[in-house]
Amino acid sequence: MDKVKQNPLPLQEGGYGKPLGGNLASCCKIKLKKSGIRIVYKIERLENEMIVIVIGFRRNLEVYKIAEERIKSD
């Protein structure tokens with residue numbers, strides 16, 4: 001998280017986050033491969049903030065389903 005916090009921009013902008021698509025197109029993800037954890041976050045460019053939407057396991061795409069629900073209710 002510390003590395004990403006220093007540069008949360010998407011990969012194509014020189015950061016560490018991988019852009020997501022579909023309902024999560026405004027978000028990026030980071031994989032913690034050894035633990036199987038995914039972090040889904042959104043960058044608020046005007047306020048220079050990174051908002052963590054969910055941290056969880058990828059199994060059954062659970063982390064992405066939770067992220068979609070939280071984005072909808074935002």
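This is a short dialogue on reading salt bridges, buried charges and cysteines in a predicted model.

Me: Let me begin with charge pairing; how many salt bridges does a search of the whole structure find?

Reply: The general idea is that side chains of opposite charge can pair when their charged atoms come close. In this predicted model, a search of the whole structure finds 1 salt bridge, and the side chains that meet in it are those of K72 and E69, at 3.7 Å from N to O.

Me: Where do K72 and E69 lie?

Reply: Both are in helix α2, which covers residues 62–72, and they sit 3 residues apart, about one turn of the helix.

Me: Is K72 buried or exposed, and what is the relative accessibility of E69?

Reply: K72 has a relative accessibility of 58% and so counts as exposed, whereas E69, at 48%, counts as partly exposed.

Me: Now to charged residues without such a partner: which side chain of opposite charge is nearest to K29?

Reply: That side chain belongs to E68, and it is 12 Å away; K29 is buried yet has no salt bridge. Because a salt bridge requires a side-chain nitrogen of Lys or Arg within 4 Å of a carboxyl oxygen of Asp or Glu, a useful next step is to look at the surroundings of the lysine. K29 is placed in strand β2, residues 27–32, and, with residues up to four places away in sequence not counted, it touches Y16, G17, K18, L20, I39, V40, Y41 and Y64.

Me: And for R38, which side chain of opposite charge is nearest?

Reply: For R38 it is the side chain of E62, 12 Å away, and this arginine too is buried yet has no salt bridge. R38 is found in strand β3, residues 37–44, and, leaving aside neighbours within four places in sequence, its contacts include I30, K31, V54 and Y64.

Me: Turning to cysteines, how many disulfides does the structure hold?

Reply: A disulfide is a covalent bond between the sulfur atoms of two cysteines. The structure holds 0 disulfides. C27 is in no disulfide, and the nearest cysteine sulfur, that of C28, is 7.5 Å away; C28 likewise is in no disulfide, with the sulfur of C27 as the nearest one, at 7.5 Å.

Me: Are these two cysteines buried or exposed?

Reply: C27 has a relative accessibility of 2% and therefore counts as buried, and C28, with a relative accessible area of 6%, is buried as well.

Methods:
Residues numbered from 1 in each chain as written. Predicted model: local features only at pLDDT ≥ 70, side-chain atom pairs only at ≥ 80, totals over all residues. Heavy atoms only, no water. Helix = DSSP H or I, 4+ residues; strand = E, 2+ residues; numbered from the N terminus. Buried < 20%, exposed > 50% of the residue type's maximum accessible area, 1.4 Å probe, protein only. Lys, Arg positive; Asp, Glu negative; His and termini not counted. Contact = heavy atoms within 4.5 Å. Disulfide = S-S within 2.5 Å.
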